[in-house]
Amino acid sequence: MRALREQIKDSPSKDLFIFVHGFNNTFEDAARRAAQLAYDLDFDGTPILYSWPSQGSATAYAVDEAAVGISGRKMADFLETVVAQSGAERIHVLAHSMGNRALIEALQTYLAKRAPDKRQHIFGQIVFTAPDVDRDYFMDAIDSVRGAAERVTLYASGNDYALRSSQFLHGAPRAGTAGDVIIKLPGLDTIDMSAVPADALGHSYFAANSGAIYDIFRILWRGDPPPQRCGMSNRKGSGTLTVWWFNADACKRSEERRVGKERRS
């Protein structure tokens, strides 16, 4: 912890960024992903990887499910230590896929230990990307989590074939799925990323697409709500709750125009 405090003290920003990896990731895979995210986001604070013991094998899904559940409780102790002792001014957390299970369990366990008036805005940004989490469970869990951060964001996609497989396996939709089952809740920014190009499984769009990376950049650096971020359009539909549709190409064109103006000025 002393080394972490020194790192934060010496960094240009006193922000801390925690990344929680997903299923089928070795420690080396997860470390590379965390480092790449920090680089792509131009993050000048301190990045941390929270690694749980994934088998790093596509055939070990059931083993990973057991491991991630246990890791969530352990991560709660980790969060408690980081919040209390790191000296960070803002702590952001981003989880991917099955790693969202560990994060939700950790947040619920950690927050339950705090008095109700001590649970607000402990974290800067909490970002759930492509969560391989039961949809109903996620919706119930968010009720106790959303006030703990300045903003809580969910990235979902209708073209996530990994989550389609998980839905078939579990017999229930996943929280990271878009379409008719996309989650709409007060206090949660739901972003439909179905139009974002990604890998063959459509599961790693949050880190594989420059437009998605730029959107995360805006969230972490400025905490901007969706209407103030490029490429967003309101798809409210029925009811009063909003889902935001993200157009990566529009965001890219907007950023190119901004850079062009800066170069001409």
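Student: What counts as a salt bridge here?
Tutor: A side-chain nitrogen of Lys or Arg within 4 Å of a carboxyl oxygen of Asp or Glu. Keep in mind that this is a predicted model.

Student: Which residue does Asp224 pair with, then?
Tutor: Arg222. Their side chains meet in a salt bridge, 3.4 Å from N to O.

Student: Is Asp224 buried or exposed?
Tutor: Asp224 is buried, at 5% relative accessible area. Arg222 is exposed, at 58%.

Student: How many salt bridges by this rule?
Tutor: The count comes to 13.

Student: Switching over. What does Glu65 bind to?
Tutor: Glu65 forms a salt bridge with Arg101, and the closest N and O atoms are 2.8 Å apart.

Student: Which parts does that pair tie together?
Tutor: Helix α3 (residues 61–85) holds Glu65, and helix α4 (residues 99–112) holds Arg101, so the bridge ties together parts 36 residues apart in sequence.

Student: And burial? Where does Arg101 fall?
Tutor: Arg101 counts as buried because its relative accessibility is 19%, and the cut-off is under 20%. Glu65 is partly exposed, at 24%.

Student: What about Asp132, which partner?
Tutor: Arg174. The closest N and O atoms of that salt bridge are 3.1 Å apart. Asp132 sits in the loop between β4 (123–129) and α5 (135–145). Arg174 is in the loop between α6 (161–170) and β6 (189–192). The two are 42 residues apart, so the pair links distant parts of the chain.

Student: Is Asp132 buried or exposed?
Tutor: Buried, at 3% relative accessibility. Arg174 is buried too, with a relative accessible area of 3%.

Student: Which residues end up in one network?
Tutor: Glu65, Arg101, Asp132 and Arg174, joined by salt bridges that share partners.

Technical notes. Residues are numbered from 1 along each chain as its sequence is written. This is a predicted model: local features need pLDDT of at least 70, side-chain atom pairs count only at pLDDT 80 or more; totals for chains, interfaces and linings use all residues. Side-chain values use heavy atoms; hydrogens and water are left out. Helices (H or I, at least four residues) and strands (E, at least two) are DSSP runs, numbered from the N terminus. Buried means under 20% relative accessible area, exposed over 50%, partly exposed in between (1.4 Å probe, protein chains only).
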